[in-house]
Amino acid sequence: MGRAKIARKSTIVDMTAMCDVAFLLLSFFILTTKPKPSEAVPISTPTSVAPKFVPDKNIVIISLDKDGKVYLSLGDDADDRQKKQAMLQDVNQRNNLGLSSGEIATLTAQPFIGVPLAQLKQQAHLPVDQINSKVLQGIPTQDTTNNQMIEWIRAAVNAYQGGHMDLVLKGDNVAKYPVFKNILTAFKKNDQFKFQMVTNQANVPQGTDLYKLNMSGKAEQM
Amino acid sequence: MAEMDTSGGGHKKKGPGVKKGKKLSTRVDLTPMVDLGFLLITFFVFTTTITRATAMHLALPDDKVKPEDQNKIKQSGALTILLGKDNNVFYYEGELAPDGSNFKASNFKDIRDEIIRKKQQADTNLVVVIKPNDESTYKNFIDILDEMSINVVKRYAVVDISPVEDKYVRLTEGEPAPQTDAATTPAAGAK
């Protein structure tokens, strides 16, 4: 009979190429992922429709956690570290805290400042794993006579003089309004009238004025 | 010399007593490795937070500006929103009536309709005055500012709550009117 003979082909495929691709992608994702910043102070931010992103450098971050404690930190940039050191030296001098240069260097390396001025020396001797919201009591802002945030913002303004500085306020959902107001007072006392508040991105609800504005393509930067 | 003998062999005759070593294939089945690779990729893709934090910009007024230089709010276009505890929202239009008759309770869902209604009614005169009391949270404050940008309200102001308004808020929330709290609101000027 003249039936054509179908050649039996092996079903085994060479996986080498696919393996290469998989691991290439894997290394790409691992390398491009930024590790989440240390969560020593957990803060869950509210959501907003604000379209702009938080800048990465030249920022002074004021964190406000759920218990109303206030912390201060700066960007991760080398430049920001230098500024932080300058700030600490400035605060040290003006308030006669008696910090050694070694202690200032330690404080600069720590992720944030979260103690009253008088206790900065103690914070400088804390191990890094103890720098969290349970141990630190926060920068006092409670009453108008002892709002130490004013001093810190003043130092920040001095350190960033001549350059650009963004004040970033990162508040927790359940933080009470009065603490927030005290921080605003500290901003105002230093003539800093513009600041940003960290939020999570949310979609603009359909049918609202902003939604229509965005759809019409005439969206302006608010 | 240095290279391995990978040819099939056969032409080289070995002695009769020498056994020929069995040739093993150098091919490895890479399927499990590919599986693992893609599993890890999926893991990293899902655990990576794609959303970057956004920033809401806010400009504060300068307190040093003299009262006579400040803008007066037209009462016809004023909508005052008060924030209380437990996400309560209250509002009144224009000036607060002495008996509190125009003081209304609302919530974060309904306040948008109220803002939209007032916006259509007052048109360019619209000014929203936001007054959070001491019990309100940071989230409430952000939410109401967000409401301003959602409804494209161009003019709004954040003002300290006055003792009278605070009393109404607390009364509506079912709390006795505070005696001490009104005194601790330092910047709140009496009406």
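User: Before I look at how the chains meet, what does it take for two residues to be in contact?

Analyst: Two residues are in contact if their C-beta atoms, placed from the backbone, lie within 7 Å. In this structure, which is a predicted model, 51 residues of chain A are in contact with 38 residues of chain B.

User: Which elements of chain A each supply at least two residues of the side that touches chain B?

Analyst: They are α1 (16-32), β4 (166-171), α6 (177-189), β5 (194-201) and α7 (209-215) of chain A, and the largest share, 9 residues, comes from α1(A). Sorted by class, this side of chain A has 33 nonpolar, 12 polar and 6 charged residues.

User: How many bridges join β5(A) to strand β1 of chain B?

Analyst: There are 6 bridges between β5(A) and β1(B), residues 54-59, and these two strands run antiparallel. As a place to look, Thr199(A) stands opposite Thr54(B), which belongs to β1(B).

User: Turning to a single residue, is Glu135(B) buried or exposed?

Analyst: A residue is called buried if 20 or more other C-beta atoms lie within 10 Å of its own. Glu135(B) counts as buried because 20 other C-beta atoms lie within 10 Å. Its place is in the loop between β5 (127-132) and α3 (138-150) of chain B.

User: Which residues does Glu135(B) touch, not counting those up to four places away in sequence?

Analyst: With those left out, Glu135(B) touches Gly84(B) and Lys85(B). By comparison, Glu135(B) and Asn125(B), which are 10 residues apart in sequence, are 30 Å apart in space, C-alpha to C-alpha.

Note on methods
Residues numbered from 1 in each chain as written. Chains lettered and ligands numbered in written order. Predicted model: local features only at pLDDT ≥ 70, side-chain atom pairs only at ≥ 80, totals over all residues. Helix = DSSP H or I, 4+ residues; strand = E, 2+ residues; numbered from the N terminus. Nonpolar A, V, L, I, M, F, W, Y, C, P; charged D, E, K, R; others polar. Pairing = 2+ DSSP bridges. Buried ≥ 20, exposed ≤ 12 C-beta atoms within 10 Å, placed from the backbone.
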